[in-house]
Amino acid sequence: MRVLVAYGSKKGGTKGLAEAIGEGIEESGVTVDVMPADRIDGLDQWDAVVVGGALYAWMWHRDARRFLKHHRRQLREMPVWVFSSGPLDESAEEREIPPVGRLGSWMNKIEAKAHRTFGGRITAEQRNELPEGDWRNMDDARQWGREIAKAVREVGPRTEPLPEQESRRERRLRNVAAALCMFTGLTALFGGGALILSPTGGASLGLPMSLLEGTPFNTYLIPGFLLFFVVGVSNLFAGVRLIRRLTSADMYAVAAGGILAIWLVTQMVMLNTVAFLHVLYMVVAVATMGTAFGAWWQRHRGEERQPGELVQGE
Ligand SMILES: Cc1cc2nc3c(=O)[nH]c(=O)nc-3n(C[C@H](O)[C@H](O)[C@H](O)COP(=O)(O)O)c2cc1C
């Protein structure tokens, strides 16, 4: 049985807590590795994970947040404990302090076993930020480690291979698709909103009424609604889903890119002209569909790949 204790720490206080938790686990006869969270590439060698982060301005340390995000598919399949280190007073000793911000919902997603908040530390070198002091209870951290080791033994070693983790390529593709969707979504809301607010004065966007000749529309009201609600909302919806890594986000983004492309082709046919913005947004539409489909494809391939097989470029 082997347990990973990963941490995100700026000034070493959380690292110290991770080491104390590690000592508690090791005392109980379970092998343990204590490592910085940003140094972990995959979790195949461990049976259980403890991950902790320092708190800065009500945020969990970035390395710890990224660790949960990047390894979520594997973490979901193994027992996970989470801790935070922060409060510069006795509050962590006196009561349970719940996980900050979205950490609670991330813990639910990976079905984490439990969360603990330990006190924090301010070193002499940080004194100009806050008064120096150490509120970390190392005995408590060691004891928590012993409890974790006991629970890990009860669960027993992992028997199933872990699913493939998210590859860097998939992550990059998804981030580009998200940026493109947000760009389209926000600019479509802005453009559509302007047309709805001044349906006959499209001139504010440089659109003369004569442009509507030969189209079924007398004013820019309906095109404005379509741009706002169909193009804008669909792209924002897909962008937010991609950022929050919700299910089927990439397929929503392919659809949102498709909606933008249909919108552009319809316009070009109706107006019988091709403007610079049509070309620009057509490139965005194709890139959205391409990157979102690419992210889906990477994941799909990852799921089909045999566990342990190397992924090129990772
Ligand atoms: C600028 C700053 C902001 C902080 N914000 C919080 C906070 O929001 N919540 C909290 O509980 N602790 C907060 N702390 C305390 C730290 O979490 C504490 O010092 C912790 O031990 C730092 O861990 P590290 O040494 O691993 O970086 C803050 C400390 C500093 C210097």
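**Figure 1. Residues around the ligand.** In this predicted model, the shell around the ligand is made up of 9 nonpolar, 8 polar and 4 charged residues. The ligand is surrounded by 21 residues, and the closest are Ser9, Gly13, Ala54, Gly86 and Gly120. At least two residues of the shell come from each of α1 (13–27), β3 and β7 (121–122). Strand β3 supplies the largest share of this shell, 3 residues.

**Figure 2. The largest nonpolar core.** The largest nonpolar core of the model holds 43 residues. Val3, Val5, Ala6, Ile21, Val49, Val51 and Val80 have the most contacts inside this core. Two or more residues are given to the core by each of β1, α1, β3, α2, β5 (80–85) and α6 (138–155). Strand β3 gives the most to this core, 6 residues. In soluble globular proteins, nonpolar side chains tend to be buried together.

**Figure 3. Val5 and its contacts.** Val5 is one of the residues with the most contacts inside the largest nonpolar core. Leaving aside residues up to four places away in sequence, Val5 touches Ala18, Ile21, Gly22, Val32, Val34 and Val50. A second core, separate from the one that holds Val5, has 28 residues. Cys181, Ala188, Leu264 and Ala285 are among the residues of this second core.

**Figure 4. Helix α2 and what covers it.** Helix α2 covers residues 62–70, and its buried residues are Asp63, Ala64, Phe67, Leu68 and His70. An α-helix has 3.6 residues a turn, so residues three or four places apart point the same way. The cover over the buried residues of α2 includes the strands β1 (2–8), β2 (31–36), β3 (48–56) and β4 (59–60). Helices α3 (72–75) and α5 (103–109) are also included in this cover. Helix α2 is one of the elements that give two or more residues to the largest nonpolar core.

**Figure 5. The two domains and the whole chain.** The domain assignment divides the chain into domain 1 (2–155) and domain 2 (168–304). The C-alpha centres of domain 1 and domain 2 are 42 Å apart. The chain contains 10 helices and 8 strands. Its radius of gyration is 26 Å, well over the 20 Å that the globule rule gives for 314 residues, so the chain is more spread out than a compact globule. The C-alpha trace spans about 80 × 50 × 30 Å along its principal axes. Of the 314 residues, 39% count as buried. Among contacts with a separation of 6 or more, 77% are between residues 24 or more positions apart.

**Figure 6. Arg168 and Arg171 in helix α7.** Arg171 has its place in helix α7, which covers residues 168–197, and Arg168 lies in α7 as well. Arg171 counts as partly exposed because it has 15 C-beta neighbours inside 10 Å. Arg168 has 14 such neighbours inside 10 Å and also counts as partly exposed. From C-alpha to C-alpha, Arg171 and Trp297 are 12 Å apart in space, with their positions 126 residues apart in sequence. For Arg168 and Ala114, the distance from C-alpha to C-alpha is 29 Å, and they are 54 residues apart in sequence.

**Figure 7. Ile243 in helix α8.** Ile243 lies in helix α8, residues 221–243. With 15 C-beta neighbours inside 10 Å, Ile243 counts as partly exposed. The C-alpha atoms of Ile243 and Leu88 are separated by 33 Å. Along the chain, Ile243 and Leu88 are 155 residues apart.

**Figure 8. Glu111 and Asn272, two loop residues with positive phi.** Glu111 is found in the loop between α5 and β6 (114–118). The phi angle of Glu111 is near 55°, a positive value in a residue other than glycine. Glu111 is exposed, because 12 other C-beta atoms lie within 10 Å and a residue with 12 or fewer counts as exposed. Asn272 is found in the loop between α9 (249–271) and α10 (276–304). Phi of Asn272 is likewise positive, near 55°, and the residue is not glycine. Asn272 is exposed, with 8 other C-beta atoms within 10 Å.

Key: Residues are numbered from 1 along each chain as its sequence is written. This is a predicted model: local features need pLDDT of at least 70, side-chain atom pairs count only at pLDDT 80 or more; totals for chains, interfaces and linings use all residues. Helices (H or I, at least four residues) and strands (E, at least two) are DSSP runs, numbered from the N terminus. The radius of gyration is taken over C-alpha atoms; the globule rule is 2.2 Å times the number of residues to the power 0.38. A residue is buried if 20 or more other C-beta atoms lie within 10 Å of its own, exposed if 12 or fewer, and partly exposed in between; C-beta atoms are placed from the backbone. Two residues are in contact if their C-beta atoms, placed from the backbone, lie within 7 Å. A residue is near a molecule or strand if its C-beta atom, placed from the backbone, lies within 6 Å of it. Ala, Val, Leu, Ile, Met, Phe, Trp, Tyr, Cys and Pro count as nonpolar, Asp, Glu, Lys and Arg as charged, and the others, Gly among them, as polar. Domain bounds come from an automatic or database domain assignment. A nonpolar core is a set of buried Ala, Val, Leu, Ile, Met, Phe, Trp, Tyr and Cys residues joined through C-beta atoms within 7 Å.
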